[in-house]
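The following paragraphs walk through a model of two chains, residue by residue and helix by helix. Please keep the structure open while reading.

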Amino acid sequence: MSKTPVIAFVSPKGGVGKTTAALTLASEFIHQTGERISLIDADPNYPFKRWAALSRKPHNLDIICDESEETILDNIERAKQSSKAVLIDLEGTKNMRVTYAVSKADLVIIPVQGSILDANEAAEAIKLVKRTEKGFSRKIDYAILFTRLPAALLTRNFLDISDQLKKAEIQVLDAQLIEREAFKTLFSTGRCLHDLSAGHVSGLEKAKADASNYAHAVMDRLRQQSTQSIQAA
Amino acid sequence: MTIIENDRAKLSLDFDDVEEGAPMSRPEIEQLVEQISEEVGFRSRSPLTAPAKSELTLPEQPKRRARFKTGRTYPFNTKIKPEAYELICQLSDEATEVEQRPVSMAEIIERALDRMQKSS
């Protein structure tokens, strides 16, 4: 039987790009695999409800609006049955629903912008992942994803943080999301990245290249983890 | 499983299923999640449903002083046994009826404390 990977987007802080990172990944998975993907919207502001209301989402992307910590486990289980990958976009707070989602996740992606404050918040998310992994006795991988990076050059701040994370042996995803107009356009148009045309936005090809690298980096981590689990079993 | 290394051409979402030990019961999961959340400080709870934003606007009321100023301003929030809560409610209802004025739960607790102090 095939296992459905569950990927949760976690950050105790809002506005770091969780929702964009989730939609970009879902969009890329659908484009590259053509499989059915579920995206659980577990943010009380329901950004994906509004996005889907524009009626341009791909037919094989299911948006599930989760209500609370009492419904998230059932929603994850149902989504696992009906799709090939489950992505969960969580609220940017230290919520118990986050722990529920992490307990079911195979990979937790922690979006971080290039500021030290963000990095501190990320440390709390990592602590949660580690503690949940131990409590539930199952492998839960995590990786920091740098988001909203300036396109022109890598800032000093970013390099400093990146360096500090490496020294602390914190897992960083082998791809970044640059702040691009195309990613913002997804939400204003209700489309996926590959349904945008050059007329919608400039720099689309670069955004597609970023998205592809990002999806491959996520996949590499999932495969690596899957291989380790099989070796351990 | 098929491991496609550095396959940049096409992604595949096929993963072999791996047994993950004995499944836990729902109460076990809930208890563990609560414990972990407490430990790492992810303890806030989401509301069951988002508060509905009312589109109705209430007619403006003239500002006036609240009728029942009780002088009780200190917040006191705790958990008690359901039966103790019921008893406070019952005593409050009874006193309200007998005295023909609202006797709050706070006042019932204060009277109980008063009696304890006097009897000791």
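Ala143(A) is a convenient place to begin: 18 C-beta neighbours lie inside 10 Å, so Ala143(A) counts as partly exposed. The model is a predicted one. Ala143(A) sits in strand S7 of chain A. Leaving out residues up to four places away in sequence, Ala143(A) touches Ile109(A), Gln171(A), Val172(A), Leu173(A) and Arg221(A). Ser103(A) is 40 residues from Ala143(A) along the chain, and the C-alpha atoms of the two are separated by 16 Å.

Asp141(A) belongs to the strand S7 of chain A that covers residues 141–149. For Asp141(A) the count is 19 other C-beta atoms within 10 Å; a residue needs 20 or more to be buried, and Asp141(A) is therefore partly exposed. Apart from its neighbours within four places in sequence, Asp141(A) is in contact with Asp106(A), Leu107(A), Arg221(A) and Gln225(A). Arg221(A) thus appears in the contacts of Asp141(A) and in those of Ala143(A). Between Asp141(A) and Val102(A) the C-alpha to C-alpha distance is 9.9 Å, across 39 residues of sequence.

Val102(A) and Ser103(A) are among the buried residues of helix H4 of chain A. How many residues of H4(A) are buried? Nine of its nine residues are, and H4(A) is mostly covered. The buried set includes Arg97(A) and Lys104(A) as well as Met96(A), Val98(A) and Ala101(A).

Part of the surroundings of H4(A) comes from its own chain. Helix H3 of chain A, residues 72–82, packs with H4(A) at an angle of about 30 degrees, and the axes are 9 Å apart. Angles under 35 degrees count as roughly parallel, and that makes H3(A) roughly parallel to H4(A). The crossing of H3(A) past H4(A) is right-handed. On the H3(A) side the contact is formed by Ile72(A), Leu73(A) and Ile76(A), which meet Arg97(A), Tyr100(A), Ala101(A) and Lys104(A) in H4(A). By class, the residues of this contact of H3(A) with H4(A) are five nonpolar, no polar and two charged. In an α-helix there are 3.6 residues a turn, so residues three or four places apart point the same way.

The other chain also packs against this helix. H4(A), residues 96–104, and helix H1 of chain B, residues 26–40, pack at an angle of about 120 degrees, with axes 9 Å apart. That angle makes H4(A) oblique to H1(B). H4(A) and H1(B) cross in a right-handed sense. The residues that meet are Met96(A), Thr99(A), Tyr100(A) and Ser103(A) from H4(A), and Ile29(B), Val33(B), Ile36(B) and Ser37(B) from H1(B). This contact of H4(A) with H1(B) holds five nonpolar, three polar and no charged residues. Tyr100(A) takes part in the contact with H1(B) and also in the contact with H3(A).

Two residues deserve a look for their backbone. Most residues other than glycine have a negative phi. Tyr46(A), which is not a glycine, has a positive phi near 45 degrees. Tyr46(A) lies in the loop between strand S3 (37–42) and helix H2 (47–52) of chain A. Its 17 C-beta neighbours inside 10 Å class Tyr46(A) as partly exposed. In chain B, Gln100(B) has a positive phi of about 55 degrees, again without being a glycine. Gln100(B) is placed in the loop between helix H2 (82–99) and helix H3 (105–119) of chain B. With 7 C-beta neighbours inside 10 Å, Gln100(B) counts as exposed.

The chains can now be taken as wholes. Chain A contains eight helices and eight strands. Its radius of gyration is 17 Å, close to the 17 Å that the globule rule gives for 233 residues, so chain A is as compact as a globular protein of that length. The C-alpha trace of chain A spans about 50 × 45 × 35 Å along its principal axes. Of the 233 residues of chain A, 46% are buried. Among the contacts in chain A with a separation of 6 or more, 77% join residues 24 or more positions apart. Chain B has three helices and one strand, in the order β-α-α-α along the sequence. Buried residues amount to 8% of the 120 residues in chain B.

Notes: Residues numbered from 1 in each chain as written. Chains lettered and ligands numbered in written order. Predicted model: local features only at pLDDT ≥ 70, side-chain atom pairs only at ≥ 80, totals over all residues. Axes fitted to C-alpha atoms, helices over the stretch in contact; angles between N-to-C directions. Helix = DSSP H or I, 4+ residues; strand = E, 2+ residues; numbered from the N terminus. Parallel < 35°, antiparallel > 145°, perpendicular 65-115°, else oblique. Left-handed = near helix turned anticlockwise from the far one by under 90°. Contact = placed C-beta atoms within 7 Å. Nonpolar A, V, L, I, M, F, W, Y, C, P; charged D, E, K, R; others polar. Buried ≥ 20, exposed ≤ 12 C-beta atoms within 10 Å, placed from the backbone. Rg over C-alpha atoms; globule rule 2.2 N^0.38 Å.
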